[in-house]
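Subject: Structure handover and notes

Dear colleague,

I am passing the structure below on to you, together with my notes on what was found in it. Please read the notes with the structure open beside them.

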Amino acid sequence: MRADRVFAYGAAAGLIGDLLLGDPRRGHPVAAFGRAAGAVERALWRDHRGWGALHTVVCAGGAVGLAAVAARSVRTSRTASVALTAAATWAVVGGTSLGREARAIGQALDTGDVEGARGRLPHLCGRDPQSLDADGIARAVVESVAENTSDAVVGALVWGAVGGVPGLVGFRAVNTLDAMVGHRSPRYLRYGWASARLDDVMGWPGARLTAVLAALAGPDPRGAVRAWRADAARHPSPNAGPVEASFAGALGVRLGGTLSYGGRVEHRPVLNGSGRAVHSKDIERAVRLSRRVGWLALGAAAAGRLWKRGGTS
């Protein structure tokens, strides 16, 4: 079986596995990687970019190396290669758990349980829930669904198409390191610099593909493109900007504005300013759009893998 078909079949099986099973409550491979990365951090941490870069190389490089050894060990077996690709895809994507958490918050808001929604919001994003009313929570959820569609699904599939199992694992490793050490706190401003910049680089193609697919799959393609072109570059994140703007335009809602992280208030630009405020019902619309984007991304990644093979034959 050709490598492009191995990837297509394995990635499809992995997405189906995620749809049926979601993330396990215990023993998730990404959680195991996080614990290992935490141990490396405790050994290496210095308030210095160089030590942070070493941390990134050790953790991400180690994960990619192990994935490459695993892929090489099964390369003579088509069945084992598909199974490994499926397992790696299931391990690194998180679309189903993303949708479940978002829907749980949406259901709480629909029943008027704002406190319950506040209690669940930290499972999904790092906002300060106590500073948010019902519509603010709904907006935070829609923004998180948009951004994590790229981080938790599309980006992984893009790098899987480029590099097979090592690409899948490498993308998730870098994305996890960014979540752990890539934020601008006093402890990680220098130490997490390399992880944050590498995550920006690796997230670039997946974010643009996510924005394109959101425009194609959403109810208002022209609105998505218009918001992307007008507002994406104003967002402080080079990758979240296109994704959130495209989702905002596609859904006809207004994202961005004032938010609070860890007691720090940020005033972000408004995305799709002509849209209406987000309501709890928009959470379900965002989750459905996210799922459509994920499956379209699988098709695009498989097609890209096929084109890559054809271009090098």
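The notes below cover the nonpolar core, two helix pairs and a few single residues.

This is a predicted model, in which local features need pLDDT of at least 70 and side-chain atom pairs count only at pLDDT 80 or more, while totals for chains, interfaces and linings use all residues. Residues are numbered from 1 along each chain as its sequence is written, and side-chain values use heavy atoms, with hydrogens and water left out.

The largest nonpolar core (a set of buried Ala, Val, Leu, Ile, Met, Phe, Trp, Tyr and Cys residues joined through side-chain atoms within 4.5 Å; buried means under 20% relative accessible area, with a 1.4 Å probe and protein chains only) has 66 residues, of which Ile105, Leu121, Ile137, Val141, Leu157 and Ile283 touch the most other members. The element that gives the most to this core is helix H7, residues 134-181, with 20 residues; helices (H or I, at least four residues) and strands (E, at least two) are DSSP runs, numbered from the N terminus. Leucine 121, one of those core residues, touches Ile105, Arg127, Pro129, Leu132, Ile137, Ala140 and Val141, where residues up to four places away in sequence are not counted and contact means heavy atoms within 4.5 Å.

Helix H7 also packs against helix H5 (residues 95-110), their axes coming within 10 Å and crossing at roughly 175°; axes are lines fitted to C-alpha atoms, for helices over the stretch in contact, and angles run from 0 to 180 degrees between N-to-C directions. H5 and H7 are therefore roughly antiparallel to each other, a term that applies to angles over 145 degrees. On the H5 side the contact is made by Gly95, Leu98, Ala102, Ile105 and Leu109, and the residues of H7 that take part include Ile137, Val141 and Asn148. By class, the residues of this contact divide into 11 nonpolar, 4 polar and no charged, with Ala, Val, Leu, Ile, Met, Phe, Trp, Tyr, Cys and Pro counted as nonpolar, Asp, Glu, Lys and Arg as charged, and the others, Gly among them, as polar.

In the second pair, helix H2 (residues 29-44) and helix H3 (residues 49-73) pack at an angle of about 150°, with their axes 10 Å apart, which makes H2 roughly antiparallel to H3. The H2 residues in this contact are Phe33, Ala37, Val40, Glu41 and Leu44, and they meet Trp51, Leu54, His55, Val58, Cys59 and Ala63 of H3. Here the classes are 9 nonpolar, 1 polar and 1 charged.

Among the single residues, serine 150 lies in helix H7 and is buried, with a relative accessible area of 4%. Leaving aside neighbours within four places in sequence, serine 150 is in contact with Gly155, Phe171, Gly206, Ala207, Thr210 and Val243.

Two loop residues may also merit your attention. Asparagine 272, in the loop between strand S2 (264-271) and H11, has a phi near 60°, a positive value in a residue other than glycine, and at 7% relative accessibility counts as buried. Glycine 192, in the loop between H7 and helix H8 (193-217), counts as buried at 1% relative accessibility.

Lastly, alanine 302 lies in helix H11 (residues 281-312) and touches Phe7 and Ala8, not counting residues up to four places away in sequence. The C-alpha atoms of alanine 302 and valine 158 are separated by 9.0 Å, although the two are 144 residues apart along the chain.

With kind regards

Definitions and conventions:
Buried means under 20% relative accessible area, exposed over 50%, partly exposed in between (1.4 Å probe, protein chains only). Angles under 35 degrees count as roughly parallel, over 145 as roughly antiparallel, 65 to 115 as roughly perpendicular and the rest as oblique.
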